[in-house]
Amino acid sequence: MLDMSVEKSVLDFNIRNLKVEDIKEVYKLLVENRPYVGLNSRYTYFLLARDFSNTCVITEHDGKIIGFSSGYISPSRTDTFFNWETVVHKDYRGNKLQKTMLLQQIKNANVKYFEGTVNPSNQVSESNFLELAELLNAKFEKKILFKEEDFENDGHETEILYRIGPIAQSKLRTTEIIQNSR
Ligand SMILES: CC(C)(COP(=O)(O)OP(=O)(O)OC[C@H]1O[C@@H](n2cnc3c(N)ncnc32)[C@H](O)[C@@H]1OP(=O)(O)O)[C@@H](O)C(=O)NCCC(=O)NCCS
């Protein structure tokens, strides 16, 4: 039987900034992962690629987009990167790509604080945020950002905000998760 752990350890991933030309594939990835990840209009993703390319990334494997993570530097708190959506293709999960993309985004944003929200049912993302705080040797706070009632009880879960920081520049520079073999 094929040893999946060995196969995964030799996978070659490339994380780079989002481009407008990526949106067709990114949108397909998001559609495939509904309802675990929100699906917004294509136009939203085009704008992310056009105006927030520095803080949005994709992961490629074998020329195919298998991961996407969006976010921006908060216009009112310019020391803070806010992570919006992250998704990894189901066949490539378990390779720490969520944490690796988030770390890359924080590095690109060059900020002291990370913020991201998690739904109460998403234990994988919650553990990954906590592990990220640990890796960066930074404190974290959590609080409710938007309640179910704020979404008029349309099935959207509560969004719990995790704020990580302050992140030391030296720690940010030296922290790596996946060592890319390219
Ligand atoms: C949340 C998500 C991005 C994490 O993906 P990832 O980076 O591949 O996850 P990790 O490598 O950190 O693995 C985390 C855990 O997932 C589980 N996992 C591992 N391999 C897996 C696989 N092939 N399939 C499913 N789950 C797996 C394991 O429990 C693992 O824990 P471990 O550290 O004990 O191995 C991914 O699960 C996903 O895309 N989910 C749907 C969208 C979503 O929830 N996005 C976040 C909110 S916007």
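Reader: How many helices and strands does the protein chain have?
Author: Welcome! This is a predicted model, where local features need pLDDT of at least 70, side-chain atom pairs count only at pLDDT 80 or more, and totals for chains, interfaces and linings use all residues. Residues are numbered from 1 along each chain as its sequence is written. Helices (H or I, at least four residues) and strands (E, at least two) are DSSP runs, numbered from the N terminus. From that end the elements run α-β-α-α-β-β-β-α-β-α-β-β-α, which gives 6 helices and 7 strands.

Reader: Which element gives the most to the largest nonpolar core?
Author: Such a core is a set of buried Ala, Val, Leu, Ile, Met, Phe, Trp, Tyr and Cys residues joined through C-beta atoms within 7 Å. Buried residues have 20 or more other C-beta atoms within 10 Å of their own, with C-beta atoms placed from the backbone. The largest core has 34 residues, and Phe81 and Ile106 are among those with the most contacts inside it. With 6 residues, the element that gives the most is helix 4.

Reader: And which element gives the most to the shell around the ligand?
Author: Among the 19 residues around the ligand (C-beta atom, placed from the backbone, within 6 Å of it), those that come nearest include Tyr36 and Val88. Two or more residues come from each of strand 4 (80-88), helix 4 (97-109) and helix 5 (123-135). The one that gives the most, with 4 residues, is strand 4.

Conventions:
A residue is buried if 20 or more other C-beta atoms lie within 10 Å of its own, exposed if 12 or fewer, and partly exposed in between; C-beta atoms are placed from the backbone.
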